[in-house]
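Open the model in your viewer and keep the selection tool at hand. We will move from one stop to the next.

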Amino acid sequence: MYKRIKGTEDIFGDDIKYWYYIENVVKETVRLYGYSEIRTPIFEATELFIRSVGEETDIVQKEMYTFEDKGQRSITLRPEGTAPTIRAFIENSMMATGLPKRLFYIGPMFRYERPQKGRQRQFHQFGVELIGSPSPLADAEGIIVADRVLKNLGLLNYTIKINSIGCDKCRANYKNALKEYYSDKLDYVCDDCKRRYNTNVLRLLDCKVDVEYVKDAPKITDYLCDDCKHHYEETKRLLDNLKIKYVEDPLLVRGLDYYNGVVFEIHHGDLGAQSAVGGGGRYDKLIKELGGSQTPSLGFAMGIERLIIALKNEKIPVEDIKNNEIFVAHLGEQARIEALKIAEDLRDNGISVVFSTMERGLSAQLKHAARLKCKLCVIVGENELERNIVILRNMETGEQIEIERDYVVGTAKEWIEE
Ligand code: HAM
């Protein structure tokens with residue numbers, strides 16, 4: 001027997017309704033803000049992610065699914081959606097249709113991480129990218145959209161954390177301060193931190209091992225230049241005015257290298273170790289880095305599996321998919337021909353019908369209908385048909401009535417809508 005690959009999941013049955021629910025809420029919410037969908041390939045040239053996500057990040061160092069295809073090209077299954085979206089934006093000359101451009105995506109992503117609850121190797125994100133605006137209005141919009149998605153999903157127990165990691169200018173001063181702070185602690189920090197000290201000192205703040213050092217480290221917000229400070233203040237003012245709740249976290253740095261300025265993460269209280277349901281921020285230099293022209297932009301993404309855990313933990317009711325509303329059972333040669341016609345008539349009226357395709361007796365057919373949780377059963381029998389009659393059975397109460405063939409659809413519709 002073949003088994004699914006570690007860190008992947010089969011999604012089916014009762015869980016599917018959560019996927020439909022999230023996808024529908026996301027699409028409806030981002031529509032309100034003018035975002036249109038983009039679907040990029042699942043795999044891209046490896047170089048795209050090295051250049052964007054960053055050589056020194058965990059994603060590029062340890063987590064990418066990279067392979068050589070039969071044409072000896074290095075290919076990587078996308079670990080995130082921003083780089084592919086920006087690649088597509090540049091390649092398809094989308095700036096020609098005017099900026100800013102608002103795009104969103106939903107789809108699978110791949111990271112070779114240690115699987116645990118809320119962390120898979122194939123997971124799904126939805127994300128939005130607002131491309132082409134340098135204004136704090138855009139930063140605020142990103143956070144407002146994220147907040148509205150969560151609210152529209154019905155979630156309550158989440159916190160939006162925000163910070164500014166500044167521009168190259170202020171970050172250079174901050175990096176020096178961090179280096180100084182860690183210089184006498186280097187013998188005591190983990191191996192990853194020792195390496196990052198030289199390659200990317202900001203990432204020390206993301207260490208899950210040496211947390212006591214992180215706590216007392218210098219704060220980037222004390223090193224912001226006037227422009228970055230003003231941008232950050234203005235973003236917060238816009239959020240305050242809309243009464244959007246957030247907390248400032250001066251140690252929030254994010255795990256991808258393309259960010260500058262305002263960054264944010266959303267954490268859910270019931271998720272335990274993998275508490276981040278989403279994250280994002282501004283990435284003003286990424287488009288130029290990938291070969292386009294200087295285009296200030298920002299975006300965020302949320303993990304769909306984590307949103308589902310949050311929905312379940314908060315016990316948010318999610319409507320069942322209207323499936324298997326009516327079962328059509330039949331007995332006899334002539335009856336099944338007419339029964340198939342009735343099933344199609346019902347479907348013409350938008351009703352979900354399961355037709356009995358097995359040669360079974362009536363009680364076996366009714367048992368199957370009950371197992372599928374059908375509300376109603378239409379029973380077409382040879383004897384009844386001779387009298388131009390079929391039987392309607394309410395599967396919840398067991399009540400059944402005889403009804404003229406021509407009135408089946410109308411009456412069945414009334415019954416299931418009750
Ligand atoms: P990220 O923080 O790496 O950002 O991922 C966003 C969200 O994806 C996380 O908060 C988490 O909910 C989910 N996620 C990440 N890895 C896993 C995993 N292994 N299993 C389950 N869920 C996971 C980005 O990916 C950026 N591209 C966001 C962005 C868009 N920034 C600007 N635009």
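Select Gly-299 and the ligand. A polar backbone atom of Gly-299 sits 3.5 Å from a nitrogen atom of the ligand. Keep in mind that you are looking at a predicted model.

Stay with the ligand and add Glu-113. One of its polar side-chain atoms is 2.6 Å from a ligand nitrogen. Next, add Thr-82. Here an N or O atom of the side chain lies 2.9 Å from a nitrogen atom of the ligand. Now show the surface. On its own the ligand has 660 Å² of accessible area, and the protein covers 95% of that.

Widen the selection to the whole shell. Which residues come nearest to the ligand? Of the 26 around it, they are Glu-80, Glu-113, Gln-120, Glu-129 and Tyr-259. Colour the shell by class. You will find 10 nonpolar residues, nine polar ones and seven charged ones.

Switch to cartoon and pick out three strands: strand 6 (122-131), strand 10 (276-282) and strand 11 (297-303). Each of them gives the shell at least two residues. Strand 10 makes the largest contribution, with five residues.

Leave the ligand and select two helices, helix 5 (residues 136-153) and helix 9 (residues 226-241). Their axes are 8 Å apart, and the helices pack at an angle of about 45°. Helix 5 is therefore oblique to helix 9. Is their crossing left-handed or right-handed? The crossing of helix 5 and helix 9 is right-handed.

Two backbone details remain, both in loops. For one of them, go to the loop between helix 4 (82-91) and strand 5 (101-110), where Pro-100 is found. Show the backbone atoms of Leu-99 and Pro-100. The peptide bond that joins Leu-99 and Pro-100 is cis, with omega at about 0°.

For the other, select the loop between strand 8 (247-248) and strand 9 (260-268) and find Arg-254 there. Check the phi angle of Arg-254. The value is near 75°, which is positive, in a residue other than glycine.

Notes:
Residues are numbered from 1 along each chain as its sequence is written. This is a predicted model: local features need pLDDT of at least 70, side-chain atom pairs count only at pLDDT 80 or more; totals for chains, interfaces and linings use all residues. Side-chain values use heavy atoms; hydrogens and water are left out. A residue is near a molecule or strand if one of its heavy atoms lies within 4 Å of it. A polar contact is a pair of N or O atoms within 3.5 Å; within protein, one must be able to donate a hydrogen and the other to accept it, and residues adjacent in sequence count only if both atoms are side-chain atoms. Accessible areas come from the Shrake-Rupley method with a 1.4 Å probe; for residues, only the protein chains shown count as cover. Helices (H or I, at least four residues) and strands (E, at least two) are DSSP runs, numbered from the N terminus. Ala, Val, Leu, Ile, Met, Phe, Trp, Tyr, Cys and Pro count as nonpolar, Asp, Glu, Lys and Arg as charged, and the others, Gly among them, as polar. Axes are lines fitted to C-alpha atoms, for helices over the stretch in contact, and angles run from 0 to 180 degrees between N-to-C directions. Angles under 35 degrees count as roughly parallel, over 145 as roughly antiparallel, 65 to 115 as roughly perpendicular and the rest as oblique. A crossing is left-handed if the near helix is turned anticlockwise from the far one by less than a right angle, and right-handed if clockwise.
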